[in-house]
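Let's take a walk through this one together, going from the ligands to the helix packing and then into the core. Keep the viewer open as you read.

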Amino acid sequence: MQIKTSIAQLAVDALKWEVNFTPKPGLVDALSNGSHDDMDLSLFLKSADSLLDGFQKISDVSFNREIDVALREDIGAIGRQTESDMFQATGGINTHKGAIWTMSLLISAASSLQTGDLEQILLSAQKLANLPDKYIPQTAKRTHGMETKKKYALSGAKGEAQAGFPNIRKVLNYEQDVDDLWMRRLMLLYGNVNDTNIVYRSNLKVLETLQSISKEIFESNVPVIENAEFIELEKFVNEYNISPGGCADLFAASYFLINLGEE
Ligand SMILES: CC(C)(COP(=O)(O)OP(=O)(O)OC[C@H]1O[C@@H](n2cnc3c(N)ncnc32)[C@H](O[C@H]2O[C@H](COP(=O)(O)OP(=O)(O)OP(=O)(O)O)[C@@H](O)[C@H]2O)[C@@H]1O)[C@@H](O)C(=O)NCCC(=O)NCCS
Ligand SMILES: Nc1ncnc2[nH]cnc12
C-alpha cells in the first residue's frame, strides 16, 4: 500500500489542530496563552509551518527503508536541523521540541512501512527510538528534561517512545461514543503522562495531584467542561504555573495517527 496524502503535511496539520483545540488548561489555545507569557496561538502556527520542510525530508529519507541504525542516524540529523528551524522561526522559544521528536519517529515509521496500520507504525517507531545515534552531540548543553530526569527518575519523551508510546495507545484505544471525545482523551493524557515540563516548573507532588484531578474528571460521566472538578483543575494549573507540553505533543501525535489510519 502507498500512503496517498503527504504524511508530513498531516503531521503539521495535527500540530495546528492541537494548538487550536480549546480549552486546554495551562497550554496555549485559541482563547488563552495558558501558563505562558512568551507564546501564543500565532507563534505556534508559525512554528508548525516551519517544521514542514524537516518532516518532508524525514518522510522522503524513510520511504520504503529498513528500520535500522542508518535510518535512525539520518532522521536524527534531520530532526536536529528541524529543531534549529523551529528556534529560528520562534526567535528561540521552545514551542515544539518534544513534538519534533515524537512526530519524526512516527513519520519515519509510517513512510518506511507505507502503511496506515497504526500498530505496525507504533512498533517500528519504538524500534527506531531504541536504536543508537552516534551523531548526537555529546557536548550539548543540559536540557530541562535532563535536569528533571536526574532529579526525579522520569524518562520523558524518549522513555515514552522507547516504551512503545503507552499513552498514545491509551488515547487510540479510548473510542467511546461521547460528544466530548477529544476533551476526554486530553484528560486521559493529563491523568497519565509523566510530563517533564510539569515537574521542571514545580515538583513530583504537583504532577501527581494534576494526574489525580484529571483522572477523576476522565472517569466521571459528567461532560468534562461541565464538571466542577474541571474548574478545580484550571485553578490548580494557574496556581502552580503548570504547562503540560508533553501531553500536548502526545495529543497532536494521536490525532495525526488517527487521521493517518483513516487514509
Ligand atoms: C530525545 C529528546 C526528546 C530529548 O529531549 P530532553 O532531554 O529535553 O527531554 P524530555 O524531558 O524528554 O523533553 C523533551 C520535550 O518532550 C516533551 N515531553 C515532556 N515529557 C514528555 C513525556 N512524558 N512524553 C512525551 N513528551 C514529553 C516536552 O515538549 C513540549 O514542551 C515544550 C515546551 O515546554 P515549556 O515548559 O513551555 O518550555 P521550556 O523552554 O522547556 O521551559 P520554560 O523555560 O518555558 O519553563 C515543547 O517543546 C513541547 O513540544 C519536552 O520539552 C529530543 O528532544 C532530542 O533528542 N532532540 C534532539 C534532536 C534529535 O535527535 N531528534 C531525533 C529525531 S528522530
Ligand atoms: N499548545 C501548547 N501550549 C504550550 N506548550 C505546548 N507544547 C506543545 N503544544 C503546546
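Around ligand 1 there are 34 residues, and the closest of them are G79, G98, G145, G156 and G245. Several helices put two or more residues into this shell: α4, α5, α7 (144-152), α8 (156-162), α11 (196-201) and α14. The biggest contributor is α5, which supplies 6 residues. If you colour the shell by class, you get 17 polar residues, 9 nonpolar and 8 charged. Bear in mind that this is a predicted model.

Now swing over to ligand 2. Its surroundings consist of E18, V19, L27, V28, G34, F44, A99, S243, G245, A248 and D249. Two elements give two or more residues here, namely α1 (7-20) and α14 (245-261). The largest share, 3 residues, comes from α14. As for the make-up of this shell, count 6 nonpolar residues, 3 polar and 2 charged. One residue to pause on is G245: it belongs to the surroundings of ligand 2, and it is also listed among the closest residues to ligand 1.

Next, pick out α3, which spans residues 52-62. Which of its residues are buried? They are G54, F55, K57, I58, S59 and S62. These buried positions pack against α1, α4 (69-90) and α5 (97-113). Just past the end of α3, have a look at the backbone of N64, where phi is positive at about 55°.

The packing of α3 on α5 deserves a closer look. Two packed helices are described by the angle between their axes and the distance between the axes. Here the angle is about 35° and the axes lie 8 Å apart, with a right-handed crossing. On the α3 side the contact uses F55, I58, S59 and S62, while α5 brings M103, S104, I107, S108, S111 and S112. By class, that contact has 6 polar residues, 4 nonpolar and no charged ones.

Finally, head into the largest nonpolar core, which has 69 residues. Which members touch the most others? That would be A11, L106 and F256. Take A11 and ignore its neighbours within four places in sequence: its contacts are then F55, M103, I107 and F256. Some of those names should ring a bell, since F55 of α3 and M103 and I107 of α5 also take part in the helix contact described above. F256, for its part, is another of the core members that touch the most others.

Conventions: Residues are numbered from 1 along each chain as its sequence is written. Chains are lettered from A and ligands numbered from 1 in the order in which they are written. This is a predicted model: local features need pLDDT of at least 70, side-chain atom pairs count only at pLDDT 80 or more; totals for chains, interfaces and linings use all residues. A nonpolar core is a set of buried Ala, Val, Leu, Ile, Met, Phe, Trp, Tyr and Cys residues joined through C-beta atoms within 7 Å. A residue is buried if 20 or more other C-beta atoms lie within 10 Å of its own, exposed if 12 or fewer, and partly exposed in between; C-beta atoms are placed from the backbone. Two residues are in contact if their C-beta atoms, placed from the backbone, lie within 7 Å. A residue is near a molecule or strand if its C-beta atom, placed from the backbone, lies within 6 Å of it. Helices (H or I, at least four residues) and strands (E, at least two) are DSSP runs, numbered from the N terminus. Ala, Val, Leu, Ile, Met, Phe, Trp, Tyr, Cys and Pro count as nonpolar, Asp, Glu, Lys and Arg as charged, and the others, Gly among them, as polar. Axes are lines fitted to C-alpha atoms, for helices over the stretch in contact, and angles run from 0 to 180 degrees between N-to-C directions. A crossing is left-handed if the near helix is turned anticlockwise from the far one by less than a right angle, and right-handed if clockwise.
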